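Student: I would like to go through this model one question at a time. Please give the criterion behind each term when it comes up.

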There are 2 protein chains.
Amino acid sequence: MIIVKVGGGASINLEGVVNDLAAIDEPFVVVHGANALRDELAQTLGKPKQVLTSVSGYQSVFSDEDAIDTILMSYAGLRNKRLVELFQRQGVNAVGLTGLDGRMIQGRRNKGIRVREGAKTLIKRDFSGKPVEANTALLTLLLDNGYRPVLAIPIADENGFAINSENDDIVNVLQASLKAERIIQLIEAPGYLDDASDESTVIAEMSQAQLISREDAADGRIKRKLLALRNLLDAGAANVIIADGRTATPVADALAGKGTVIS
Amino acid sequence: MIIVKVGGGASINLEGVVNDLAAIDEPFVVVHGANALRDELAQTLGKPKQVLTSVSGYQSVFSDEDAIDTILMSYAGLRNKRLVELFQRQGVNAVGLTGLDGRMIQGRRNKGIRVREGAKTLIKRDFSGKPVEANTALLTLLLDNGYRPVLAIPIADENGFAINSENDDIVNVLQASLKAERIIQLIEAPGYLDDASDESTVIAEMSQAQLISREDAADGRIKRKLLALRNLLDAGAANVIIADGRTATPVADALAGKGTVIS
């Protein structure tokens with residue numbers, strides 16, 4: 001079992017990813033992004049991303065109903081189904097689902113963000129949250145019958161509402177269900193970079209101990225990414241491979257050990 | 001088993017449809033449209049619907065890649081997932097799928113439309129076609145495990161490409177798989193109208209013989225609709241109910257015999 005997280009950047013080679021996966025004789029589950037597509041569509045529709053700053057200084061995306069609509073169009077609609085189409089053209093019987101479908105990814109909605117508006121402190125609640133568990137029964141049903149799940153946000157909150165969530169967290173709950181040996185994360189860089197601005201600084205291998213010491217030294221988004229990686233190892237993944245999604249054969253390259261191998 | 005075809009008009013009461021279905025103790029499959037949403041989105045994106053006129057004078061929609069993208073955003077993305085969300089909020093474990101997903105609806109791509117351009121006759125081929133069969137195994141797998149399929153275009157062609165298709169034809173191949181006793185079609189009218197411009201002319205009941213004689217007298221789109229209805233009866237449906245999707249309780253009304261009952 002392989003879990004493949006495909007980044008939502010504009011330069012990811014989706015055809016390459018699909019061709020590689022079609023050639024592999026092992027079941028897989030794909031979780032994909034579509035952030036470049038989403039941002040472009042939001043701009044075209046005149047509904048650009050809203051970012052709020054909390055009273056404690058953190059910035060976060062505010063997912064109102066319009067933002068979820070844009071996610072539905074870009075992630076669940078265009079990107080998910082064009083990916084499924086690529087698989088079907090290669091003879092792979094992919095099934096594209098959001099976390100809402102069959103409550104594939106069950107989550108919990110965030111309580112809200114405390115923001116200042118003039119002299120007042122308000123709590124603004126959006127449609128976002130954290131995944132709690134994957135629907136293992138549905139995953140197994142599909143996989144055992146030869147289907148290949150291709151998953152995207154939104155996920156379902158405790159009341160069945162569509163909410164935005166982080167793919168890193170979704171991969172974590174999927175791993176709790178699937179116990180995949182290998183998890184591949186395809187990004188727009190040749191691997192995990194020691195210096196984020198320099199693609200020549202790929203770290204070829206990272207042990208769990210090195211991961212923890214990097215996590216301690218990092219902050220913000222990078223710290224959260226490293227924590228998510230640590231959780232994957234804790235959930236039993238033997239290997240997490242962070243590799244370049246822009247090459248001709250992104251999955252084959254990752255399986256050949258290119259990129260950053262964390263084990 | 002009930003098949004519910006939900007029209008894609010702007011005034012269909014989707015919440016009412018979902019609330020009614022959540023209260024019914026019988027498995028169902030939904031096939032929905034989203035044409036009003038699609039047309040609006042196509043306009044906003046600056047990619048309005050293209051209509052071609054064939055050399056023999058027929059008009060048909062030309063579904064190029066952009067048109068399929070718009071279908072993916074509106075049907076597969078926004079409408080399908082918001083419908084699934086409504087079901088999930090009512091505790092119904094809906095799974096939204098296009099015909100591409102798991103090759104749920106396998107079709108055959110149209111050969112092309114012969115058009116005149118200046119002095120020449122060209123064949124223009126788009127991404128559209130006819131459904132051939134539903135994936136009965138996947139439908140059964142989902143239904144037997146308590147899931148409720150909510151289906152939308154596009155469907156898959158013989159090479160796995162996404163193609164546009166008519167929901168009337170999709171309902172027909174579903175009926176060949178599901179052998180539903182009742183098929184409900186929810187539209188923006190109180191039923192099948194004797195005079196399309198006058199909502200007071202609903203035909204309460206139509207026998208198979210009456211259906212055939214109306215079909216002989218009709219032409220164009222109406223003739224195709226009547227043929228599709230006849231095919232449903234031929235495929236073993238005891239009742240086809242054409243009812244108003246705009247009321248507070250559209251499915252309950254249809255099951256109570258409001259609208260046009262064809263049997």
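Student: How many bridges join strand E1 (residues 2-6) of chain B to E2(B)?

Tutor: This is a predicted model, in which local features need a pLDDT (the predictor's confidence in each residue, from 0 to 100) of at least 70, side-chain atom pairs count only at pLDDT 80 or more, and totals for chains, interfaces and linings use all residues. Residues are numbered from 1 along each chain as its sequence is written, while chains are lettered from A and ligands numbered from 1 in the order in which they are written. Strands (E, at least two residues) and helices (H or I, at least four) are DSSP runs numbered from the N terminus, and two strands pair if DSSP finds at least two bridges between them. Ile3(B) has Val29(B) as its bridge partner in E2(B), and the number of bridges joining the parallel strands E1(B) and E2(B) is five.

Student: How many residues of E2(B) are buried?

Tutor: A residue is buried if 20 or more other C-beta atoms, placed from the backbone, lie within 10 Å of its own, exposed if 12 or fewer, and partly exposed in between. On one side of E2(B), Phe28(B), Val30(B) and His32(B) are buried, and on the other side so are Val29(B) and Val31(B). The strand E2(B) is therefore largely enclosed by the rest of the structure, and its buried residues number five of five.

Student: Which are the edge strands of the sheet in chain B?

Tutor: The sheet is open and has eight strands with mixed pairing, in the order E5-E10-E2-E1-E13-E15-E16-E14 (chain B). At one end, E5(B) pairs in the parallel sense with strand E10 (residues 148-152) of chain B over five bridges, and Thr98(B) has Ala152(B) as its bridge partner. Each edge strand pairs on one side only, and the two are strand E5 (94-98) and strand E14 (205-206) of chain B.

Student: What angle does the direction of H3(B) make with that of E10(B)?

Tutor: Angles run from 0 to 180 degrees between N-to-C directions, with axes that are lines fitted to C-alpha atoms, for helices over the stretch in contact. Contact between two residues requires C-beta atoms, placed from the backbone, within 7 Å. Packed on the sheet, H3(B) touches strand E2 (28-32), E5 and E10 of chain B, and its direction makes with that of E10(B) an angle of about 160°.

Student: Which helix do the buried residues of H2(B) pack against?

Tutor: In helix H2 (residues 35-44) of chain B, the buried residues are Leu37(B), Arg38(B), Leu41(B) and Ala42(B). They lie on the same side of H2(B) because they cover an arc of only 130° around the axis, an arc taken over the directions from the helix axis to the C-beta atoms. Just after H2(B), Gly46(B) has a positive phi of about 70°. The helix that the buried residues of H2(B) pack against is H3 (65-89) of chain B.

Student: Is Ser54(B) buried or exposed?

Tutor: Ser54(B) sits in the loop between strand E3 (50-53) and strand E4 (59-62) of chain B. Apart from neighbours within four places in sequence, its contacts are Ser60(B), Ile113(B), Arg114(B) and Val115(B). With 14 other C-beta atoms within 10 Å, Ser54(B) is partly exposed.

Student: Which residue in the turn between E3(A) and E4(A) has a positive phi?

Tutor: Strands E3 (residues 50-53) and E4 (residues 59-62) of chain A run antiparallel and are joined by four bridges. Thr53(A) has Gln59(A) as its bridge partner in E4(A). The two strands form a hairpin with five residues between them, and the turn residue with a positive phi, about 95°, is Gly57(A).

Student: What turn lays chain A on chain B?

Tutor: Copies are superposed by least squares on the C-alpha atoms of residues with pLDDT of at least 70 in both. The RMSD is 0.0 Å and the shift along the axis is 0.0 Å, for a turn of 180°. The two copies are thus related as by a two-fold rotation axis, and the turn that lays chain A on chain B is 180°.

Student: Which element gives the most to the side of chain A that touches chain B?

Tutor: The contact takes 30 residues from chain A and 30 residues from chain B. Helix H3 (65-89) and strand E5 (94-98) of chain A each supply at least two residues of that side of chain A. With twelve residues, the element that gives the most is H3(A).

Student: What ipTM does the model score?

Tutor: Chain A averages a pLDDT of 95, and 100% of the residues score at least 70. The model's pTM is 0.97, and its ipTM is 0.96.
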